[in-house]
Amino acid sequence: MKNIISILILLAGAALCSLGLSDCTRNEIRVSFDLPEKTNRTYTLLYYASDPAKGWITEEVVNVAKGHGEAVLPAVNPTLIWLFQAGAKDPQAVIYAERGDRIEINGRSSSPSEWTVSGNTVSESLSEWRTSNAGIIASSRSGRRDDRLALNKAVGTSVAAHPSDPVSALLMLVYFDRRADEAGFRRNWNLLRDDAADRKWKDLVSRSDMDGDVPAEDRLPARIVLKTLGTGCDTIEPGRVPMLLYFTRNNARTHGSDIAVLRSLVREYPDSSRRVIAEVGFDTDSMTRLYPTRTDSLRTAVRAWMPLGVSDATAREAGVTRMPYMIVADSKGRVVYRGDNMEEAAERFRESMK
């Protein structure tokens, strides 16, 4: 009799699971490796684990012996798993997973860039794209601008072909180098629609430059009010004269060379009524901000202070996502450059002054 009751309980539990009346999915993700037998290496899985109350960064080290290994990752919400080879500073693959998923990693070598991933349709599509573009991805790590732009182009091609696919959003967030091509990022991001445009994909990656929405039109606000060191307050109105806005900190790596370029522009275009050159400091300490402005000879430039940095409402409205950051607008108020290369910003500013 006890055996019959036990069987009935098991059958009832299975029925409830199949009907969705009981949550029978475990709060975990299983990741298994099936590699060549000679593979004996350590790999790291880095992901953000979260539940309705809190979240935390989790790092799981997997020892693959004779080509096989497995990790059980506690997870409640969907997440991205970043896969690192031992000693590598950059992830070699990214995996999308939801609780209950069984992710299978297969490969004919010990190199993660060549592995295929299965377990859900999003990860499978990400895997297919990564392996198809492995050479371009590897070249982009050189840091050369042309290589970074080549990767951006590959991402853009996929986004244009599949604007409603969530994988397109993840490709933009994971692989597109926004610093190399700000305008291209905005153009491609604004192609996304339907499920691909859902905020959840941005939240998964948690990029600091994606806190706000990417505007559909690359224009500046009608009026930009800045707290300035000389006059207390200054209002800039895009669309009157060409302008170059430079957002920085005194300890920024390129601050010295950037200021040198601004200094040359101030000398080249001394009439401040025909242009606006503004240097906006993100330094939190007022004295740290004040001293350099007295010694760097940018006499006819607007010297502003924005201690809240990219969190400032004015910075967010202008689309400033990081520092150093430059915005160049022509005399009609059209933004002709966004990015972090002062030489390029200066060149576009000169073109706008013609």
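**Close-ups of a predicted model**

**View 1. Aspartate 194, out in the open.** Let's start with aspartate 194: with a relative accessibility of 59%, this residue counts as exposed, because the bar for exposed is anything over 50%. Keep in mind, here and in every view below, that this is a predicted model. Aspartate 194 sits in the loop that runs between H6 and helix H7 (199-205). Its backbone does something to look out for: phi is positive, at about 55°, even though aspartate 194 is not a glycine.

**View 2. Lysine 66 and its positive phi.** Which residue in the loop between strand E3 (55-64) and strand E4 (68-74) is shown here? That's lysine 66. Lysine 66 isn't a glycine, yet its phi is positive, at about 50°. Is lysine 66 buried or exposed? Its relative accessible area is 57%, so lysine 66 is exposed.

**View 3. Threonine 39, tucked away in a loop.** Look for threonine 39 in the loop between strand E1 (28-34) and strand E2 (41-50). Although it belongs to a loop, threonine 39 has a relative accessibility of 4% and counts as buried, since buried means under 20%. Which residues does threonine 39 touch, once its neighbours within four places in sequence are set aside? The contacts are Val64, Ala65, Lys66, Gly67 and Ser110. So lysine 66 from the previous view turns up again, as one of the contacts of threonine 39.

**View 4. H4 against H5.** Here helix H4 (residues 145-161) packs on H5, with an angle of about 160° and 9 Å between the two axes. Why call the pair roughly antiparallel? An angle over 145 degrees earns that label, and so H4 and H5 are roughly antiparallel to each other. Their crossing is left-handed. On the H4 side, the contact is made by Val155, Ser158 and Val159, while H5 brings Ser168, Leu171 and Met172. Sorted by type, the residues of this contact of H4 with H5 come out as four nonpolar, two polar and no charged.

**View 5. H5 against H6.** Now follow H5 to its contact with another helix. Helix H5 (residues 166-174) packs with helix H6 (residues 182-189) at an angle of about 165°, and the axes are 11 Å apart. That angle makes H5 roughly antiparallel to H6. The crossing of H5 and H6 is left-handed. Where do they meet? Ala169, Met172 and Leu173 from H5 come up against Phe185, Asn188 and Trp189 from H6. This contact of H5 with H6 holds five nonpolar residues, one polar and no charged. Met172 is worth finding in both helix views: Met172 takes part in the contact with H4 and in the contact with H6.

**View 6. What surrounds H6.** How many of the eight residues of H6 are buried? Six are, which leaves this helix mostly covered. The buried ones are Glu182, Gly184, Phe185, Arg186, Asn188 and Trp189. Covering these buried residues are, among others, H4, H5, H7, E14 and strand E15 (335-339).

**View 7. Isoleucine 327 inside E14.** Strand E14, which helps cover H6, is also where isoleucine 327 is found. With 0% relative accessibility, isoleucine 327 counts as buried. Not counting residues up to four places away in sequence, isoleucine 327 touches Leu220, Met243, Leu244, Leu245, Phe247, Ala318, Val320, Val335, Tyr337 and Arg338. Alanine 345 is 18 residues away along the chain, and its C-alpha atom is separated from that of isoleucine 327 by 7.3 Å.

**View 8. A cis bond ahead of proline 324.** Proline 324 has its place in the loop between helix H10 (313-318) and strand E14 (325-329). The peptide bond that leads from methionine 323 to proline 324 is cis, with omega near -5°.

**View 9. Zooming back out.** For context, the protein chain has eleven helices and 15 strands. Of its 354 residues, 45% are buried. The chain exposes about 18,500 Å², and carbon and sulfur atoms supply 50% of that. Take the contacts between residues at least 6 apart in sequence: 59% of them join residues at least 24 apart.

How values were computed:
Residues are numbered from 1 along each chain as its sequence is written. This is a predicted model: local features need pLDDT of at least 70, side-chain atom pairs count only at pLDDT 80 or more; totals for chains, interfaces and linings use all residues. Side-chain values use heavy atoms; hydrogens and water are left out. Axes are lines fitted to C-alpha atoms, for helices over the stretch in contact, and angles run from 0 to 180 degrees between N-to-C directions. Helices (H or I, at least four residues) and strands (E, at least two) are DSSP runs, numbered from the N terminus. Angles under 35 degrees count as roughly parallel, over 145 as roughly antiparallel, 65 to 115 as roughly perpendicular and the rest as oblique. A crossing is left-handed if the near helix is turned anticlockwise from the far one by less than a right angle, and right-handed if clockwise. Contact means heavy atoms within 4.5 Å. Ala, Val, Leu, Ile, Met, Phe, Trp, Tyr, Cys and Pro count as nonpolar, Asp, Glu, Lys and Arg as charged, and the others, Gly among them, as polar. Buried means under 20% relative accessible area, exposed over 50%, partly exposed in between (1.4 Å probe, protein chains only). Accessible areas come from the Shrake-Rupley method with a 1.4 Å probe; for residues, only the protein chains shown count as cover.
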